[in-house]
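Trainee: I have a structure on my screen and would like to learn how to read it. Could you walk me through it?

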Protein chains: 2
Amino acid sequence: MLGRLYERENCSAARALELVGERWSLLIIRNAVFAGMTRFSDFERRLGIAPNVLAKRLEGFVAAGLMEERPDGYALTRKGRELGTVIVALTEWGDRWAAPDGPPILFTHDDCGGTVHLTTTCDGCGDAPDIAEIVANPGPGADPDRLPGRAS
Amino acid sequence: MLGRLYERENCSAARALELVGERWSLLIIRNAVFAGMTRFSDFERRLGIAPNVLAKRLEGFVAAGLMEERPDGYALTRKGRELGTVIVALTEWGDRWAAPDGPPILFTHDDCGGTVHLTTTCDGCGDAPDIAEIVANPGPGADPDRLPGRAS
DNA sequence: GGTGAGACTTGCATCACGCAAGTGGAATCG
DNA sequence: CGATTCCACTTGCGTGATGCAAGTCTCACC
């Protein structure tokens with residue numbers, strides 16, 4: 001968890017980054033979600049992360065409800081597991097723009113073995129709008145004094 | 001750009017985090033993508049970010065090809081704009097798990113005004129698999145010595 | 001010319017991360 | 001049973017990152 005929060009931000013992405021925006025956090029979550037990792041020494045060895053940093057991250061995940069401490073390690077909660085979507089989004093972006101040798105990792109559907117991608121879906125017309133066609137608007141929890149910018 | 005890279009990681013998410021994993025980075029990108037922000041002082045004022053940190057971030061984004069410097073400010077490239085998907089993913093996660101007052105921001109389709117969500121799509125069966133049904137496998141750019149974990 | 005705004009730069013203090021060594025407990029082996 | 005190994009951290013310290021405040025330079029406007 002970030003030492004100094006993004007307090008002026010009325011935005012769920014900022015809330016999310018307050019929990020997982022520190023160095024190593026999303027890589028720990030990635031290993032938990034997609035490699036089924038639970039044990040301290042596995043995270044430490046595989047990531048090459050310092051044990052004091054890892055301990056602090058895991059403690060923060062437990063406090064934030066992303067993980068629970070068990071006798072055999074740290075288990076993701078549903079809250080924590082659903083950060084998998086963020087990992088997939090990062091991976092797909094990285095595949096497209098930062099993977100000169102092609103995608104190192106492919107996400108597949110456990111049931112049928114098909115390749116899984118993220119897509120946008122419009123509830124109105126059913127299209128899959130490009131990012132350039134998506135605009136941000138205030139929602140039910142909006143605080144007019146704390147908008148990220150010209151969200152109009 | 002992270003001072004110390006995730007060199008042992010053969011994973012596009014890690015490559016992405018090397019570019020945008022620092023404090024403030026994704027919030028800057030968010031404001032650029034969804035609020036059309038380009039000017040230094042707007043980023044600085046709206047985010048409450050220190051000018052030396054902001055200058056360093058923007059310089060890094062230009063070097064990484066996420067933005068281009070223009071007479072009127074910093075313009076996103078396509079590479080930079082497509083990080084919008086990551087912002088949407090973070091926002092949706094935050095809406096679900098960290099927005100007690102409801103979603104502050106709703107993403108809508110510019111054309112029809114419908115609400116936009118991210119969904120998974122399986123290329124094999126057409127379903128929208130839950131995260132728990134998605135597994136990570138080595139892809140074309142995989143280096144067997146540098147896998148995030150039991151990616152099998 | 002004076003003023004104000006924008007785009008940064010600089011200097012310094014505090015915090016975050018990395019490294020290495022260490023501790024304590026549990027399990028295994030001879 | 002003692003020695004060894006492994007695991008889960010903790011501790012102390014140095015380096016790098018961030019935040020704050022003041023500053024400089026340039027440009028536009030009056």
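Trainee: Which base atom of DNA strand C lies 3.1 Å from a polar side-chain atom of A:N52?

Mentor: A base nitrogen. Keep in mind that this is a predicted model. When you look for polar contacts, search for pairs of N or O atoms within 3.5 Å. In chain B, a polar side-chain atom of B:N52 is 3.2 Å from a base nitrogen too, this time on DNA strand D.

Trainee: What about the backbone of strand C? Which side chain has an N or O atom 2.7 Å from a phosphate oxygen there?

Mentor: That side chain belongs to A:W24. From chain B, a polar backbone atom of B:F40 sits 3.5 Å from a phosphate oxygen of strand C. As for elements, two or more residues near this strand come from each of α4 of chain A, α3 (40-47) of chain B and α4 of chain B.

Trainee: How many residues are around DNA strand C, and which come nearest?

Mentor: There are 17, and the nearest are A:R23, A:W24, A:R57, B:S41 and B:Y74. Sorted by class, the surface near strand C has seven charged, six nonpolar and four polar residues. You can also ask which part of the DNA faces the protein: 71% of the strand C atoms within 4 Å of the protein are sugar or phosphate, and the rest are in bases.

Trainee: Now strand D, please. Which residues are closest to it?

Mentor: A:S41, A:Y74, B:R23, B:W24 and B:R57 are the closest of 18 surrounding residues. Two arginines of chain A reach phosphate oxygens of strand D: a polar side-chain atom of A:R4 is 3.2 Å away from one, and for A:R45 the distance is 3.4 Å. The elements giving two or more residues here are α3 (40-47) and α4 (51-63) of chain A, along with α4 (51-63) of chain B. Seven charged, seven nonpolar and four polar residues make up the surface near strand D.

Trainee: Let's turn to the two protein chains. At what angle does helix α6 of chain A pack with helix α6 of chain B?

Mentor: The angle is about 180°, and the axes are 9 Å apart. Angles over 145 degrees count as roughly antiparallel, so α6(A) is roughly antiparallel to α6(B). In chain A, the contact uses A:T85, A:V86, A:A89, A:L90 and A:W93; in chain B, it uses B:T85, B:V86, B:A89, B:L90 and B:W93.

Trainee: What classes do those residues fall into?

Mentor: Eight are nonpolar and two are polar, with no charged residues in the contact.

Technical notes:
Residues numbered from 1 in each chain as written. Chains lettered and ligands numbered in written order. Predicted model: local features only at pLDDT ≥ 70, side-chain atom pairs only at ≥ 80, totals over all residues. Heavy atoms only, no water. Axes fitted to C-alpha atoms, helices over the stretch in contact; angles between N-to-C directions. Helix = DSSP H or I, 4+ residues; strand = E, 2+ residues; numbered from the N terminus. Parallel < 35°, antiparallel > 145°, perpendicular 65-115°, else oblique. Contact = heavy atoms within 4.5 Å. Nonpolar A, V, L, I, M, F, W, Y, C, P; charged D, E, K, R; others polar. Near = heavy atom within 4 Å. Polar contact = N/O pair within 3.5 Å; in protein donor to acceptor, adjacent residues only side chain to side chain.
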